[in-house]
Amino acid sequence: MNMNRKSVLGNLDYIIAAVALFGIVLFVIINVFCRYILGFIFNWMEELATIMFVWCTYMGIAAAYRTHDHVGINIIVNLLPTKLQFVIEFLIDLFVLALDIIIFILSVRLCISSWGKITPIIGLSYTFVNASISIGFLLLIVYTALRLFEKIKRIKLAFLSKKNRQEKI
């Protein structure tokens with residue numbers, strides 16, 4: 001598998017989510033085996049699996065949004081004319097960007113406020129756990145902004161091509 005640096009960085013959200021999901025499955029299977037076969041559990045595995053679940057969730061949200069794999073109900077929008085669909089999608093992206101920014105700001109505040117709080121078993125700062133929210137929404141801000149820039153470029157190109165057609169007439 002030949003992965004260059006650009007493809008690794010470009011898919012870092014997927015990679016982090018996949019590693020976290022693998023860790024969750026591995027730790028849960030080991031703990032279930034230990035509990036029912038050997039009669040004991042590793043408490044730190046349960047806590048680490050929970051932390052990995054949080055990271056998997058927020059990295060997965062960002063990755064799904066980037067690749068347009070998120071769930072969308074667009075039955076009514078699909079019935080509208082193409083130009084109106086584009087306008088509605090643009091407005092939705094603006095709304096999503098505003099929401100992403102608000103949640104990012106709140107998540108940074110959460111990280112700051114959880115600085116001295118540590119997890120009970122591993123002793124890891126909750127700032128690390130909560131950073132997954134900030135990083136996930138920062139990625140969403142970047143992906144939404146890129147999506148909006150692409151739509152603005154499409155509008156500009158459509159306008160220029162329309163202008164060029166009118167000049168030829």
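This passage looks at the nonpolar cores, a surface patch and the cysteines of a predicted model. Residues are numbered from 1 along each chain as its sequence is written. Local features need pLDDT of at least 70, side-chain atom pairs count only at pLDDT 80 or more, totals for chains, interfaces and linings use all residues, and side-chain values use heavy atoms, without hydrogens and water.

The largest nonpolar core (buried Ala, Val, Leu, Ile, Met, Phe, Trp, Tyr and Cys residues joined through side-chain atoms within 4.5 Å; buried means under 20% relative accessible area, with a 1.4 Å probe and protein chains only) has 14 residues, of which Phe27, Met52, Trp55 and Cys56 touch the most other members. Helices α2, α3 (43–66) and α6 (126–168) each give two or more residues to this core, and α3 supplies the largest share, 7 residues. Helices here are DSSP runs (H or I) of at least four residues, numbered from the N terminus. Another core, of 6 residues, lies apart from it and includes Ile133, Phe137, Leu140 and Tyr143. Beyond residues up to four places away in sequence, Phe27 touches Trp44, Met45, Leu48, Ala49 and Met52, where contact means heavy atoms within 4.5 Å.

On the surface, Val28, Val32, Phe33, Tyr36, Ile37, Leu38 and Phe40 form a nonpolar patch with about 720 Å² of accessible area together. Patch members have over 30% relative accessible area and no salt bridge, and nonpolar side chains (Val, Leu, Ile, Met, Phe, Trp, Tyr) are joined within 5 Å; a salt bridge is a side-chain nitrogen of Lys or Arg within 4 Å of a carboxyl oxygen of Asp or Glu. Areas come from the Shrake-Rupley method with a 1.4 Å probe, and for residues only the protein chains shown count as cover. Phe33, found in helix α2 (residues 12–38), is partly exposed (between 20% and 50%), at 45% relative accessible area.

Turning to the cysteines, the structure holds 0 disulfides, a disulfide being a pair of cysteine sulfur atoms within 2.5 Å. For Cys111, which is in no disulfide, the nearest cysteine sulfur is that of Cys56, 18 Å away. Cys111 is buried, with a relative accessible area of 9%, and Cys34 is buried too, at 5%.

Note on methods: Patches are made of residues with over 30% relative accessible area and no salt bridge: like charges are joined within 9 Å, nonpolar side chains (Val, Leu, Ile, Met, Phe, Trp, Tyr) within 5 Å.
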